[in-house]
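Got your viewer open? Let's take a short walk through this one, stop by stop.

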Amino acid sequence: MIRALRKSEGFLYVLPALAFVTAFVLWPLAQLVYLSLTDTSLLGGGEFVGLENYVKAFGDKSFWRALEFTLKYTVFITPILMGLGFALALLTAPNRPLRQITRGIIFLPVVIGIGSSSLLWFWLFDQQVGMFNRILVDIGILAEPAVWFTKADMALLGVTISITWKVIGFGMLLFVAGIQSINGEIGEAALIDGGNYWQRVWYIILPLSLRVILLTTLISVIGSMLAFEQFYIMTGGNPRGQTFTSVYWIYQNSFISFKLGYGAALSIILTAIVLVFSTLQVILSNRSPSQ
Amino acid sequence: MTALAEGTVRPAAAEHVSRAAGESRPVGYLVGAICIAVSTIMLAPLVLSFLASIKAPDEARASPPTYIPQSFSLESYLKVFEYQAGLWTYVGNSLLVAVLTIVICLALAVPAGYGLARFKMPFKEVWFIILLAPLMIPYQALLTPLYLTFSKIGLANSHLGLAMVHTILQLPFSIYLMRNSFESIPRELEEAAKVDGSNSWQTLRSIFFPLAVPGIVTVGLFAFIASWNEFLSALIFMNKETSFTVPIMLVSVRTGRLGSVDWGALQAGVILSILPCVLIYLLLQRYYVAGFLNGAVK
């Protein structure tokens, strides 16, 4: 095998990238597994403790609460992102100037950093100086400026609003490409059959977009399961640790409490969960080369 | 903004969608009104943030806030420019990390894409799957072991180390894109070069490289934006004030002195931090959208 590879010129070109992935992804992954079996802390330690960290994780209420909150966030935001994203795609798919400009504007926040957008919304949501509160009061939705980040449910809603603004264009653009790739003749046929617009959406556009919708949902779910910045910046895990996400809780354990071994075990558990979705994503995206 | 459409569109195919949208006149007006409403909502946070950044500090912390600035002042910007080590230190850090990320990404992805697209090799699909590993293993989980290793070899708190982490994030997408761009170059060109007696490296340099420029630009573009915006690993790895990147600096601007937030300065910082990304998006939209559609779903 090695001889065959040595003779293969192409392999030489791939080798640097393979070496990089091995050194900076696969090797750290192996280290992570080992770390998770030790009591390493940033201050020292490193005794092999077997599965103790995992046993501890299963009994750790804070970890389960963080995982549960992450799931809640994912289950809450994903339908919003997909539904609204698809609606906006239907709105902006036709190539008319106004719709194209709208499409470009909706996509704009996608290129902005999540740190910047979270700080922007942290200000908008502020009870004293926040513009979002002022607008909601002025149009009569709120009686007085709300405090967004002192209750877990309000915090979840606030973060969801800000992230929807930030990433809605992502799904929308993928859906637009999907809708535009649907063969025009199919639409024509339906037009002749006398189907109205919503019937065409329901019976033609939606079914033919299923693969794109599924893939976009997976990408979105993975992103939400790994959420960190928006909560770190806007809620700081408050109130009383109720808005820690999984990644945030791992960060707390590893880099604030220095419990690296324990943090590693939590990371392995999270990786295993995310792996289910990401494997599905890779399989789906490589299956059909069309689109 | 029209380029955003051109990148995605197949003119004939899109026609029915347009007609399907039911273009009787009242419906047309309604759709137009919805478009304008949606655009307003999407732009409002950015516009409001910009307006807050040019208010005088007193007005910026007024409660309730004013929609239209009653005062004009660049004081908030001056504060950000003079923040701690000075804005240019942090911009310099971010730029250096981004440039290193672009360089490492291209140095790895261009040859890898070429190799995968143009050569037969044993176990090709196995190598390809390994190269996609960073897509499946969240980098958030790898930061602890990377941090420990980097500390030992002097890459913690270093621009190069952070660029390595950012490269992990961008590599699968970059390789994927380069593989596609090399695959789309006609085989005849390669044959001609072989007849001329060029070896594969010369062929890459003289024939493929120039033709793959759009792909290379796209890879660089995405690497820049990802690196400029990346937060978590910069937070963990860059633990000296003077080595902060822009997003980490922004968070410490907010924390401020004495626990009170300087709202005007924070918004000035937000505006400055998003400016490069917005400019790149507006100027290079064609590359950006093409790359996005090429890499995100496939």
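How many residues does the contact take from chain A and from chain B? It takes 91 from chain A and 91 from chain B, where two residues are in contact if their C-beta atoms, placed from the backbone, lie within 7 Å. Before going on, note that this is a predicted model: local features need pLDDT of at least 70, side-chain atom pairs count only at pLDDT 80 or more, and totals for chains, interfaces and linings use all residues. Residues are numbered from 1 along each chain as its sequence is written, while chains are lettered from A and ligands numbered from 1 in the order in which they are written.

Now select residues 9-35 of chain A: this is helix α2, and with 18 residues it gives the largest share of the side of chain A that touches chain B. (Helices are DSSP runs of H or I, at least four residues, numbered from the N terminus.)

Next, pick residues 197-208 of chain A, helix α10. Here R200(A), I204(A) and I205(A) are buried, meaning 20 or more other C-beta atoms lie within 10 Å of their own; exposed means 12 or fewer, with C-beta atoms placed from the backbone. The buried ones sit on the same side of α10(A), because they cover an arc of only 85 degrees around the axis, taken from the directions from the helix axis to the C-beta atoms. Spin to the other side and you'll find W198(A), Q199(A), W202(A) and P207(A) exposed.

Last stop: residues 139-152 of chain B, helix α9. Zoom in on P145(B), where α9(B) bends by about 35 degrees (the angle between axes fitted to the seven residues ending there and the seven starting there). Just after α9(B), click G154(B), which has a positive phi of about 75 degrees.

Definitions and conventions. Helices (H or I, at least four residues) and strands (E, at least two) are DSSP runs, numbered from the N terminus. The expected span of a helix is 1.5 Å times one less than its number of residues.
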